[in-house]
Amino acid sequence: MATSISAKPQLGTSISFSVNGKSVSVSAAPAERLSRVLRDRLGLTGTKVGCDAGDCGACTVLIDGEPVCSCLVAVAQVEGCEVTTVEGLPARAPVHDRLQKSFLNHGAAQCGICTPGMLMSATALLERNRTPTETEVMDAIGGVLCRCTGYRKIVTAIINVDAKDDASSPSAGNAVGTRLIRLDGKNKVAGTEIFGADEIPAGALLLRAVRCPYHHARFRFGDLDQFVADHLGVYAVLTANDVPGENCYGVIPKFADQPVFAENEARFRGEAVAAIVGEAHALETLDISSFPVTWEEMLPITSIEDALAPRAPRIHKSREQNILVRGRVVRGDVEKGLSHSDVVVEDTYETSFVEHAYIEPEAGFARRVGDTIEIQACTQSPYMDRADIAKILGIAPESVRIIPTAVGGGFGSKLDLSIQPFVALAAWKLGKPVSMCYSRAESIISTAKRHPAHIHLRVGATRDGKLHAMDFTADFNTGAYSSWGPTVAARVPVHASGPYSIPHYRALTRAVHTHLVPAGAFRGFGVPQMALAQEQIYDDLADRLGMDRLEFRILNALDDNTPTVTGQVLGQGVGIRACFEALRPKWKAARTKAAEFNAEATGPVRRGVGVAGMWYGCGNTSLPNPSTMRVGLKPDGRIALHQGAVDIGQGSNTIVTQICADALGAPIERFDLVSGDTAITPDCGKTSASRQTFVTGKAAHMAGTELRKAILALAAACTCAKITFDDGQLMIADGEIQHAIHLRDLPVDNFGYVLTRESTFDPPTSPLDENGQGVPYALFGFGAHLAEIEVDTDLGTVRVLKITAAHDVGRAINPTLIEGQIEGGAAQGLGMALMEEFIPGKGENLHDYLIPTVGDMPPVESILIEYPSPIGPFGAKGIGEQAVIPTAPAILNAIHDAIGIRIRRVPATPDRIRAAILAKRNGEPLAS
Ligand code: FES
Ligand code: FES
């Protein structure tokens, strides 16, 4: 590492324009992006940057009233123009207040990163047309991507902008079950939410990573000191030699294998080998191709087959056959079960890498404060980040403070470290704040993906339609490093049966290393891939048995007391049958409608209907999984909820508060949220695996209950007494007796609270034995989706007409937020089924990597089933992962229903469907 002198920023041209009604004059290079000028020079960070390429629409502003992507506008182009950003909407547009309320009432903002762009586009429309049609709204927001909501609630919010605002706050003790507006929503609709890139300290240094351009390469550096000396404003180059602790991290400590900087050999395209740190203007204009590194490209292993080949070189020396880990669940005698089956179906399926495509690229900064390193960044797992950063820097975890920002979409990938080790190391070494914001390409090439899978199944049933045996094998391409590969390999064998009873079962999985980007957590941890195979083969089995496909599933659905494939008897709360039964009338009606359409069709379009079921264990698989909640009563009568479950848009800030409020018997308005910060909030674990409503919600329920008991004890009142919270005092009504407790008279504890209670909940699970038998999860969520689609047999295109989604959520703590998860999950499932495939080295942007737009999304009807879990808070179960799992197989089953062709490789793109249709017409074996 070497240091250099600083450089002065180059002066630009003076450009004058109006922003939000005020005249401004900025000195900037004429070609500088307007989005950068707004954010970096004028502090208007409500304008978001998701791609810098005109693909995402997050940067939409109004220029002379017209919505425009500000990342595509050179600042010189707005000379003399009137620019409006989200911050200026309240003053400019009278409709804005209504629009904000409508977004909040309809749950149209989840993570909120797309919300400013949506609001700008909607405002431009509403200023022209206050009563737009659905089509007009969809046209207006067609250029703004949202990865969370599935768009429908946004469309509804815009159409209903002038609807009566009847949102009211629930009374004390009645928050659970209400459509409470998200408690953290106001900042999202005002554009004032702070995401990773939004609070970089002035003068912070900037860090850029040097990344390997090959799938596999050896490398050596040239004269790094000379490089630093030659570049004004560059302060340092960091490499593996600069890591004071372990140059190794990973989300599962036992499998940790990823270096901060590769040493001598890079194992995937996009792996960081060095970091350049310096003044922002110097780094932004630096030609990184001049960095002194020599690459020696090596033969990469890119496929599972090549990785498993007998003579394949090992990607990690300690991992034989390039197998990271195996998973196994065996019950009964599968070979006997298959031989005793009356019908056996066998098939193979293949899935692709899927990119998370959250709209917020990874961003944040670090600063050294004495002997502590503080990192403010977007993350789903602050305490895990803390542990890994401590290890990398060689310091105690207590010397690391993680301050999570709002997360502009995560879906699993932001469980892994991204910018954190780089900025932490640089700030630790240089003693100055250091920031890093991934470009879209950098985000795509270097962060974890959904695992591609090769899946083979044999499934047998008896003549009466009962599932009898399943033999399942799956290999997952886990890429160069472990990330969440072990979790996927462990979770899938437990789930591969689906929510059905099968007496003879064998599921074997392997996570296999290749020289590709690491695959990790993505909404479902391998279960969506597996469901694609399992639910399609069940359709084929039902067809072979001559049974209705839905009735086949109902016949085989798990019940409260049937053992699962791990031998677990769930006892109560198994709601899968109820989900399927809720779909029955819709299924019949949709099938009739599709048959009528097809009977009358003269053109190339055919309709089909598909159904698929799912189950998903909430929380870690047979591993400890605790959350700790702290709730404190303040002297002024307000209640502090230390809520460390990072809300990545799914709504945990709101749902956990609803649960705690009702356990305590206090009104929601009394609560002050203290959100995740490892210095002030206990560990609520990571936001993943649909665990926050269940695990953190349960801890919140326990803490609220304990605080209630403590309050009642102050007055020696009975447990049924009613507490009224007032400013500085509590009134306790215990039958006829009224107690007043003056809170300001009471001593405060170390937290500054009159009373504090902290509770920890760890779901009861047990380790699985060598055959995968045991209790992997304390509870499961269940669901089933119905997809109605059209296939254009000339073009191979698929249009999804409607999704109907029935989910057993145990107790719907907040129906609006649950619907939001379902609709967003359905959108991601639709993308996985029809369009999303990441090919490393190709399409590393949001132009070539397609995700559903508003025009792709059909209406989604949610049916919430409440089959209470005996252990969940108020009976609640998780919904985040559950929502995505059944959509893709339901769509693929619908395609088969429409055209009689089974698509075995997703995504089912038009070229694959068309090729399959042509092959079928020509009597050829299907290549799909
Ligand atoms: S940042 Fe401008 S369109 Fe994505
Ligand atoms: S709410 Fe739209 S991207 Fe998250």
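# Cysteines, an open sheet and unusual backbone geometry

C579 is buried, with 0% relative accessible area, in this model, which is a predicted one. C579 takes part in no disulfide, and the nearest cysteine sulfur, which belongs to C618, is 13 Å away. Since a disulfide requires two cysteine sulfur atoms within 2.5 Å, the separation of 13 Å between the sulfur atoms of C579 and C618 does not meet that cut-off.

## Cysteines

C248 likewise counts as buried, at 17% relative accessibility. The cysteine sulfur closest to that of C248 is in C212, at 19 Å, which is too far for a bond.

How many disulfides does the structure hold? The structure holds 1 disulfide, and C718 and C720 form a disulfide in which the sulfur atoms are 2.5 Å apart. The torsion about the S-S bond is -80 degrees, so the link between C718 and C720 is left-handed. Of these two residues, C718 is partly exposed, with a relative accessible area of 29%, whereas C720 is exposed, with a relative accessible area of 63%.

The table gathers the accessibility values of the cysteines discussed here.

| Residue | Relative accessible area | Class |
|---|---|---|
| C579 | 0% | buried |
| C248 | 17% | buried |
| C718 | 29% | partly exposed |
| C720 | 63% | exposed |

## An open sheet and two helices

An open sheet of 5 strands, with mixed pairing, runs in the order β2-β1-β5-β3-β4. Which strands stand at the edges? They are β2 (22-28) and β4, and because each has a single partner strand, one side of each is left without a neighbour in the sheet. On average, and with direction ignored, neighbouring strands of this sheet are turned by 40 degrees against each other.

Within the sheet, strand β1 (residues 13-19) pairs with strand β5 (residues 82-84) in the parallel sense, over 2 bridges. V19 has V83, in β5, as its bridge partner.

Helix α1 (residues 34-41) packs on the sheet and touches β1, β2, β3 and β5, with its direction making about 105 degrees with that of β2. Helix α4 (residues 115-128) also packs on the sheet, where it touches β3, β4 and β5, and its direction makes about 35 degrees with that of β3.

## Unusual backbone geometry

Most residues other than glycine have a negative phi, and most peptide bonds are trans. Against that background, three places in the backbone are described below.

D64 lies in the loop between β3 (60-63) and β4 (66-69), and its phi is near 50 degrees, a positive value in a residue other than glycine. The strands on either side of this loop, β3 and β4, both belong to the open sheet. Is D64 buried, partly exposed or exposed? D64 is partly exposed, with a relative accessible area of 47%.

N322 also has a positive phi, near 65 degrees, and is a residue other than glycine. N322 is found in the loop between α10 (304-308) and β12 (323-331), and at 1% relative accessibility N322 counts as buried, because buried means under 20% relative accessible area.

The third place concerns a peptide bond: V906 and P907 are joined by a cis peptide bond, with omega about 5 degrees. P907 lies in the loop between α22 (887-899) and α23 (910-921).

Methods:
Residues are numbered from 1 along each chain as its sequence is written. Chains are lettered from A and ligands numbered from 1 in the order in which they are written. This is a predicted model: local features need pLDDT of at least 70, side-chain atom pairs count only at pLDDT 80 or more; totals for chains, interfaces and linings use all residues. Side-chain values use heavy atoms; hydrogens and water are left out. Helices (H or I, at least four residues) and strands (E, at least two) are DSSP runs, numbered from the N terminus. Buried means under 20% relative accessible area, exposed over 50%, partly exposed in between (1.4 Å probe, protein chains only). Two strands pair if DSSP finds at least two bridges between them. Axes are lines fitted to C-alpha atoms, for helices over the stretch in contact, and angles run from 0 to 180 degrees between N-to-C directions. Contact means heavy atoms within 4.5 Å.
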